[in-house]
Amino acid sequence: MHPTHSLPPPIPTGLRGRCPRCGEGHLFKGFLTLRPTCEACGLDYSGFDSADGPAFFVMSIVGLVVVGLALFLEITYEPPIWVHALVAVSLTLILSLLLVRPLKGMLIALQYANKAEEGRFRP
């Protein structure tokens, strides 16, 4: 770690998909695949694992929005069931794809900032 520099704020850095140490290098090489290292500072990304965290938050946020909108549509307009299905499926797909990458980046940046590691038992 660079002793003369402070860490960038983890939440905006992770949401932008940037390196959690320098805030400049890219975190992802594909849609959800991490790069091996940061091209700016050389931080090794192999120790980072967000596991199912992003999926949990995406499901929670998207579920809340879609169910809320379905209730609003039903109470306000009483549309046929195919309208509910069309709105729910399309909104679920769009929101899920828009949220999963920034949330994964944010969880990885928070993991780095808080020095989180896998839990281990000591004998």
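This passage describes aromatic pairs, a pocket and two residue environments in a predicted model.

A pair of aromatic rings is described by the distance of the centres and the angle of the planes. In this structure, 4 aromatic pairs are found. One of them joins Phe48 and Tyr112, whose ring centres are 5.9 Å apart. The planes of these two rings meet at 75 degrees, and since an angle over 60 counts as edge-to-face, the Phe48–Tyr112 pair is placed in that class. Phe48 sits in the loop between helix H1 (10–15) and helix H2 (53–76), whereas Tyr112 belongs to helix H3 (residues 81–113), so the pair ties together parts that are 64 residues apart in sequence. Phe48 and Tyr112 are both buried. Tyr45 joins the picture as well, as ring pairs link Tyr45, Phe48 and Tyr112 into a cluster.

A further edge-to-face pair is formed by Phe56 and Phe57, with 5.3 Å from centre to centre and 70 degrees between the planes. Here the rings belong to partly exposed residues: the relative accessible area is 48% for Phe56 and 37% for Phe57. Both values fall between the limits of 20% for buried and 50% for exposed.

Phe48 and Tyr112 turn up again at the largest pocket, where they are among the lining residues. The space in this pocket comes to about 230 Å³. Alongside these two aromatic residues, the lining includes Gly47, Asp49 and Gln111, together with Lys115, Ala116, Glu117, Glu118 and Arg120. By residue class, the lining of the largest pocket divides into 3 nonpolar, 2 polar and 5 charged residues.

Ser50 also lies in the loop between H1 and H2. With a relative accessible area of 13%, Ser50 is under the 20% limit and is therefore buried. Once neighbours within four places in sequence are left aside, the contacts of Ser50 are Lys104, Leu107 and Ile108.

Helix H3 is home to Arg101, a residue that is partly exposed, with a relative accessible area of 29%. Leaving aside neighbours within four places in sequence, Arg101 makes contact with Phe28, Gly30, Phe31 and Leu32. As for Glu74, 27 residues from Arg101 along the chain, the C-alpha atoms of the two residues are separated by 31 Å.

Key: Residues are numbered from 1 along each chain as its sequence is written. This is a predicted model: local features need pLDDT of at least 70, side-chain atom pairs count only at pLDDT 80 or more; totals for chains, interfaces and linings use all residues. Side-chain values use heavy atoms; hydrogens and water are left out. Rings of Phe, Tyr and Trp (its six-membered ring) pair if their centres lie within 6.5 Å; planes under 30 degrees apart count as stacked, over 60 as edge-to-face and the rest as tilted. Helices (H or I, at least four residues) and strands (E, at least two) are DSSP runs, numbered from the N terminus. Buried means under 20% relative accessible area, exposed over 50%, partly exposed in between (1.4 Å probe, protein chains only). Contact means heavy atoms within 4.5 Å. On a 1 Å grid over the protein atoms alone, a cavity is a set of points where a 1.4 Å probe fits but cannot get out, and a pocket is an open set with protein on both sides within 12 Å along at least five of seven lines; lining residues have an atom within 4 Å of a point. Grid points are joined across faces, edges and corners, and a volume is the space filled by probe spheres set on the points. Ala, Val, Leu, Ile, Met, Phe, Trp, Tyr, Cys and Pro count as nonpolar, Asp, Glu, Lys and Arg as charged, and the others, Gly among them, as polar.
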